[in-house]
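Colleague: Could you take me through this model, one question at a time, and show how each answer is reached?

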Amino acid sequence: MRPIYVVLGILSFVCGILCLTNPFESFITIGWLVAIFLLLVGVFFIIMFFQSRQNAQSNFIVPNKPAVGVAGLIFGVLLIVVAILSLVIPSMEEAMDLVILIVFSVWMVVNGFISIFTGVSIRKQSDSGWVFWIVFGVIVVIAGIYGLLHLAIFSEALGLVLGFLLLLYGLELICSAWADPDINL
């Protein structure tokens, strides 16, 4: 499973670089990539949850797999619906851009809190790895809240903001491939 974490982390990095290199490109185009990414993350984490439950050797329980999976599916589907509405109603493209940023920012806050909760749970079960989850969780929550509170600033730099958040999440996925002891090769 470790390679899948790394692939998803690299995919997040690629989406982040696309956003950073084309910040003024239509956000709807980038929104499709983010929606697909969130759906992949959602499916992957739900599959990981069920596989770890079947593994009788795993005594280490990380509660973030089903929560991140469900959140990824919900927010991925929501972003696809918003992108489709933007295509159907072209005059609403700017409003839909803001909705995409709001949805993604809320997803980051939810994912950040899930990471913090995971860090607290890991601390009770193990001496290592918990600091990583809490630090990244706090950073992701702050970035998501900042995105929600400063929509006016972000509306001019949607691609840059999304690029930064995707790079951050990609780093979290790649690092968690080794920080989560439940992940095997």
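Colleague: Is Ser12 buried or exposed?

Modeller: In this predicted model, Ser12 has its place in helix α1, which covers residues 2–21. Buried means under 20% relative accessible area, and because the relative accessible area of Ser12 is 0%, the residue counts as buried.

Colleague: Which residues is Ser12 in contact with, leaving aside its neighbours within four places in sequence?

Modeller: Contact here means heavy atoms within 4.5 Å. With the neighbours within four places in sequence left aside, the residues in contact with Ser12 are Phe37, Leu166, Leu167, Tyr169 and Gly170.

Colleague: Which elements make up the protein, and how many helices are there?

Modeller: Running from the N terminus on, the order of elements is α-α-α-α-α-α-α. There are zero strands, and the number of helices is seven.

Colleague: What span should helix α5 have, and how far apart are its end C-alpha atoms?

Modeller: Helix α5 takes in residues 130–149, which is 20 residues, and at 1.5 Å a residue these should span 28 Å. The expected span agrees with the distance between the end C-alpha atoms of α5, which is 28 Å.

Colleague: Where on α5 do its buried residues fall?

Modeller: The buried residues of α5 are Phe132, Trp133, Phe136, Gly137, Val140, Val141, Ala143, Gly144 and Gly147. Seen down the axis of α5, these buried residues fall within an arc of 165 degrees, so they line one face of the helix. On the other side of α5, the exposed residues are Ile142 and Leu149.

Colleague: Does Asp97 count as buried or exposed, and how many Å in space separate Asp97 from Val82?

Modeller: Asp97 lies in helix α4, and because its relative accessibility is 12%, Asp97 counts as buried. Asp97 and Val82 are 15 residues apart in sequence, while their distance in space, C-alpha to C-alpha, is 8.6 Å.

Colleague: Which residues form a nonpolar patch on the surface, and about how much accessible area do they have together?

Modeller: One member of the patch is Ile89, which is found in the loop between α3 (64–88) and α4 (93–125). Ile89 is partly exposed, because its relative accessible area is 35%. The patch as a whole is formed by Val77, Val81, Ile84, Leu85, Leu87, Val88 and Ile89, and their accessible area together is about 590 Å².

Colleague: What percentage of the area that the protein exposes is supplied by carbon and sulfur atoms?

Modeller: Of the 185 residues of the protein, 47% count as buried. The protein exposes about 8900 Å², and the share supplied by carbon and sulfur atoms is 74%.

Technical notes:
Residues are numbered from 1 along each chain as its sequence is written. This is a predicted model: local features need pLDDT of at least 70, side-chain atom pairs count only at pLDDT 80 or more; totals for chains, interfaces and linings use all residues. Side-chain values use heavy atoms; hydrogens and water are left out. Patches are made of residues with over 30% relative accessible area and no salt bridge: like charges are joined within 9 Å, nonpolar side chains (Val, Leu, Ile, Met, Phe, Trp, Tyr) within 5 Å. Accessible areas come from the Shrake-Rupley method with a 1.4 Å probe; for residues, only the protein chains shown count as cover. A salt bridge is a side-chain nitrogen of Lys or Arg within 4 Å of a carboxyl oxygen of Asp or Glu. Helices (H or I, at least four residues) and strands (E, at least two) are DSSP runs, numbered from the N terminus. Buried means under 20% relative accessible area, exposed over 50%, partly exposed in between (1.4 Å probe, protein chains only). The expected span of a helix is 1.5 Å times one less than its number of residues. The arc is that of the directions from the helix axis to the C-beta atoms.
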